[in-house]
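Okay, thanks everyone, let's get going. I'll put the structure up and then talk you through it.

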Amino acid sequence: MSLIHLIDFPPLGDERGSLVALESEQTVPFNIKRVYYLFGTQQGVARGFHAHHNLQQVAVCITGKCRMILDDGHHREEVWLDSSTKGLVIGDLIWREMHDFSEDCVLLVLASEHYDENDYIRDYEEFLEVAK
Ligand code: T46
């Protein structure tokens, strides 16, 4: 099964421009407890390099683009996030890396849990053990 699960957000625009609505437990398949966004990422910098024990997220590139790598401990897949109408679902125990941020990239992330540093697995070898 593919690790890349993209949600298509219906664009609700009209002649004035575009609009996308993200609704908890509707367009987004969980209760949203936290929203954060990454922006101003320096050129050549990669982010992520961790997994979570218990966290569902949807990531959508509002402007610009970045390349996301997902890894379940068995195989890796990558996808370009380059559309404000496509959200990438990232579940538990998935190692993620973000590369090749464009200068204008704003990556919006909707999360099912509040921030908890103890939920992070930041060591790849430890992740492989847990993911077994
Ligand atoms: C993920 C990818 C897509 C907070 O205080 N609250 C928060 O909600 C978050 C997300 C981070 N932080 C702090 C923790 C660090 O001191 O902000 C700093 C940067 O976080 P981090 O190094 O974890 O950022 P990324 O870009 O590597 O990863 C983030 C999320 O942490 C992660 O869950 O899936 O974006």
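I'll start at the ligand, move on to the aromatic rings, and finish with a few individual residues.

One thing up front: what you're looking at is a predicted model. Keep that in mind throughout.

So, the ligand. Which residues come nearest to it? Of the 13 around it, the answer is Arg34, His52, Gln57, Arg96 and Tyr120. Let's look at some polar contacts. The side chain of arginine 34 has an N or O atom 2.5 Å from a ligand oxygen. Glutamine 57 also comes in with its side chain, where an N or O atom is 2.7 Å from an oxygen of the ligand. With glycine 48 it's the backbone: a polar atom there is 2.9 Å from a ligand oxygen. As for cover, the ligand on its own would expose 650 Å², and the protein buries 69% of that.

Where does the shell come from? Three elements each give two or more residues, namely β2 (34–39), β3 (47–52) and β8 (95–99). The largest share is from β3, with 4 residues. If you sort the shell by class, you get 5 nonpolar, 4 polar and 4 charged residues.

Let me stay on β3 for a second, because histidine 52 sits in that strand and, at 3% relative accessible area, counts as buried. Compare its position with threonine 41: they're 11 residues apart in sequence, and their C-alphas are 22 Å apart in space.

Over in β8 we have glutamate 97. Buried or exposed? Its relative accessibility is 8%, and the cut-off for buried is under 20%, so glutamate 97 is buried. Its side chain makes a polar contact with the side chain of histidine 99, at 2.9 Å.

Right, aromatics. The count comes to 5 aromatic pairs. Take tyrosine 37 and phenylalanine 39: the ring centres are 5.6 Å apart and the planes are at 35 degrees, so we call that pair tilted. Both of those residues are exposed.

Then there's tyrosine 124 with phenylalanine 127. That pair is tilted too, because the planes are at 40 degrees, with 5.8 Å between the ring centres. Both residues are in helix α1 (residues 124–131), and they're 3 residues apart, about one turn of the helix. Their exposure is worth a look: tyrosine 124 is partly exposed at 28% relative accessible area, while phenylalanine 127 is buried at 0%. Add Trp95, and together with Tyr124 and Phe127 you have one aromatic cluster.

There's also a charge over a ring. The charged end of lysine 65 sits over tryptophan 80, 4.9 Å from the ring centre.

Last bit, some backbone angles. Glutamate 25 isn't a glycine, yet its phi is positive, near 60 degrees. You'll find glutamate 25 in the loop between β1 (5–8) and β2, and with a relative accessibility of 59% it counts as exposed. Aspartate 100 is another non-glycine with a positive phi, near 55 degrees. That one is in the loop between β8 and β9 (106–111), and aspartate 100 is partly exposed, with a relative accessible area of 42%.

That's the tour, so over to you.

How values were computed: Residues are numbered from 1 along each chain as its sequence is written. This is a predicted model: local features need pLDDT of at least 70, side-chain atom pairs count only at pLDDT 80 or more; totals for chains, interfaces and linings use all residues. Side-chain values use heavy atoms; hydrogens and water are left out. A residue is near a molecule or strand if one of its heavy atoms lies within 4 Å of it. A polar contact is a pair of N or O atoms within 3.5 Å; within protein, one must be able to donate a hydrogen and the other to accept it, and residues adjacent in sequence count only if both atoms are side-chain atoms. Accessible areas come from the Shrake-Rupley method with a 1.4 Å probe; for residues, only the protein chains shown count as cover. Ala, Val, Leu, Ile, Met, Phe, Trp, Tyr, Cys and Pro count as nonpolar, Asp, Glu, Lys and Arg as charged, and the others, Gly among them, as polar. Rings of Phe, Tyr and Trp (its six-membered ring) pair if their centres lie within 6.5 Å; planes under 30 degrees apart count as stacked, over 60 as edge-to-face and the rest as tilted. Buried means under 20% relative accessible area, exposed over 50%, partly exposed in between (1.4 Å probe, protein chains only). A charge sits over a ring if NZ of Lys or CZ of Arg is within 6 Å of the ring centre and within 35 degrees of the ring normal.
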